[in-house]
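Welcome, and take a moment to turn the model around before reading on. We will walk through it together, from the whole chain to single residues.

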Amino acid sequence: MLAVLALRSFSADAVFALPENPVMTSPALWLQAAADAAGAQQYPPATLYVVATPIGNMADITLRAIHVLSLVDAVACEDTRVSAGLLQRIGLHKPLLAVHEHNEGAAAQGVIQRLAAGERIAYISDAGTPAVSDPGARLVAAVRAAGLRVVPLPGASSVVTALSAAGDSHAPGFAFHGFLPAKGSGRTEALTRAVAEPLACVLFEAPHRIEALADALAAACPTRPVSVCRELTKQFEQIDTVSCAELPAWLALEADRRRGEFALVLHALVNAEAESALTLVPAVETLLLALLETHPLRHAVDLVCDACQIARKPVYQRALEWKEDESGAPSA
């Protein structure tokens with residue numbers, strides 16, 4: 001009965017109706033409902049609990065997550081300000097340990113010392129599942145290397161949420177590339193690897209770089225479908241599927257379409273497309289052409305594939321086209 005009352009006291013509709021999630025109207029009811037639902041399981045001491053948190057909608061937090069957060073001795077987190085707000089909404093106050101990308105290696109040792117003393121520690125990132133494009137992987141690895149236990153609590157994830165709404169029925173699996181490097185050769189090489197991926201490919205992007213990414217995808221693989229997932233689970237959530245060639249125009253149609261956080265699903269290549277329809281991005285073509293001037297064809301192809309971590313067949317086919325052209329310039 002308490003679980004029902006708690007759920008009625010704070011509905012998903014209430015979250016969508018407000019610009020920010022309010023403090024839960026009855027935190028005690030939520031904590032009791034969580035204990036009723038998840039309390040029968042054992043939660044051993046000297047354990048790191050990796051806890052997924054909502055990616056935008058507070059109602060997506062799980063009862064098990066609430067219960068574990070109520071049990072632990074401290075919460076290690078990506079940003080103490082964000083995590084303090086989350087805990088406040090569910091009526092909790094816990095010691096917070098800052099463990100983020102800039103201090104994760106050193107901070108892990110402090111967490112290990114507390115675990116070795118018998119404490120239960122939770123780790124949460126700012127949103128979603130830790131260690132998936134967020135800090136946490138180094139902490140988990142260090143805890144395991146110290147011979148201590150790690151228990152994951154599943155929950156919200158932008159990756160899986162985007163894939164579930166993309167409707168890519170041809171994908172035999174997916175690859176997660178996350179955020180590409182912000183600029184330079186690293187971004188070009190990462191984009192090349194993503195476009196070469198025959199599986200469905202999940203990319204994250206920030207609003208100030210989404211137009212540049214759209215232009216790059218339109219040039220690299222214009223006919224390939226891409227599902228654009230903007231502001232997932234939030235009040236202004238938007239999900240649409242267009243071709244990569246159409247993506248720049250889709251973004252330009254409304255100013256709001258260029259705002260918020262983005263998860264993009266580049267759909268899987270289909271059958272013969274996976275073997276032969278891949279278009280090399282301009283930077284790879286430039287590198288290949290330069291190497292062909294000084295290296296045998298096979299060697300040049302191998303160097304390009306190793307440097308850019310992409311499939312060999314489309315690179316080899318493009319090299320053959322150029323060698324067959326007596327002028328030495330790329331074929332039209």
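What follows is a short tour that begins with the overall picture and then stops at a helix, some rings and a few loops.

Please keep in mind that this is a predicted model. The protein chain has 332 residues, and 42% of them are buried. Its secondary structure comes to 15 helices and ten strands. How do the contacts spread along the sequence? Counting contacts between residues at least 6 apart in sequence, 70% join residues at least 24 apart. On the outside, the accessible surface of the chain is about 15800 Å², and carbon and sulfur atoms account for 55% of that area.

Let us look at one helix in detail. Helix H14 is made of twelve residues, 297-308. At 1.5 Å a residue, H14 should span 16 Å, and its end C-alpha atoms lie 17 Å apart, which agrees. Which residues of H14 are buried? They are Leu297, Ala300, Val301, Val304, Cys305 and Cys308. Looking down the axis of H14, you will find these buried residues within an arc of 130 degrees, so they line one face of the helix. A general rule helps to read this pattern: an α-helix has 3.6 residues a turn, so residues three or four places apart point the same way. The buried residues of H14 pack against three helices: H9 (184-196), H13 (282-292) and H15 (312-324). On the face turned away from the buried side, H14 carries the exposed residues Arg298 and Asp306.

Next come the aromatic rings. How many aromatic pairs does a search of the whole structure find? The search gives three. One of these joins Tyr43 and Tyr49, with 6.3 Å from centre to centre and 55 degrees between the planes, a tilted arrangement. Tyr43 counts as buried because its relative accessibility is 7%, under the 20% cut-off. Tyr49 is buried as well, at 2% relative accessibility.

Phe179 and Phe204 make up another pair. Their ring centres are 5.5 Å apart and their planes stand at 70 degrees, so this pair is edge-to-face. The pair links distant parts of the chain: Phe179 belongs to strand S6 (residues 174-179) and Phe204 to strand S7 (residues 200-205), with their positions 25 residues apart in sequence. Is each ring's residue buried or partly exposed? Phe179 is partly exposed, with a relative accessible area of 39%, whereas Phe204 is buried at 9%. Phe176 joins Phe179 and Phe204 in one aromatic cluster.

A charged side chain also meets a ring in this model. Arg257 lies over the face of Trp250, at 4.4 Å from the ring centre.

Now for the loops. As general background, most residues other than glycine have a negative phi. Against that background, Ala131 has a positive phi, near 70 degrees. Ser133 also has a positive phi, of about 65 degrees, although it is not a glycine. Where should you look for them? Ala131 sits in the loop between strand S4 (120-124) and helix H7 (137-145), and Ser133 is placed in the loop between S4 and H7 too. Ala131 counts as partly exposed at 36% relative accessibility, and Ser133 is partly exposed at 35%.

Other loop residues are covered. Ser157 lies in the loop between strand S5 (149-153) and helix H8 (158-166). At 12% relative accessibility, Ser157 counts as buried. Leaving aside neighbours within four places in sequence, Ser157 is in contact with Ile55 and Thr129.

Our last stop is Ala268, in the loop between strand S10 (262-266) and helix H12 (273-276). Is Ala268 buried or exposed? Ala268 is buried, because its relative accessible area is 4% and buried means under 20%. What does Ala268 touch, not counting residues up to four places away in sequence? Its partners are Asp168, His170, Ala171, Pro172, Pro198, Leu199, Ala200 and Arg224. Ala268 and Val195 are 73 residues apart in sequence, and their C-alpha atoms are 9.8 Å apart in space.

How values were computed. Residues numbered from 1 in each chain as written. Predicted model: local features only at pLDDT ≥ 70, side-chain atom pairs only at ≥ 80, totals over all residues. Heavy atoms only, no water. Helix = DSSP H or I, 4+ residues; strand = E, 2+ residues; numbered from the N terminus. Expected span 1.5 Å × (residues − 1). Buried < 20%, exposed > 50% of the residue type's maximum accessible area, 1.4 Å probe, protein only. Arc of directions from axis to C-beta. Contact = heavy atoms within 4.5 Å. Phe/Tyr/Trp six-rings, centres within 6.5 Å; stacked < 30°, edge-to-face > 60°. Lys NZ or Arg CZ within 6 Å of the ring centre and 35° of its normal. Areas by Shrake-Rupley, 256 points an atom, 1.4 Å probe, with all protein chains shown as cover.
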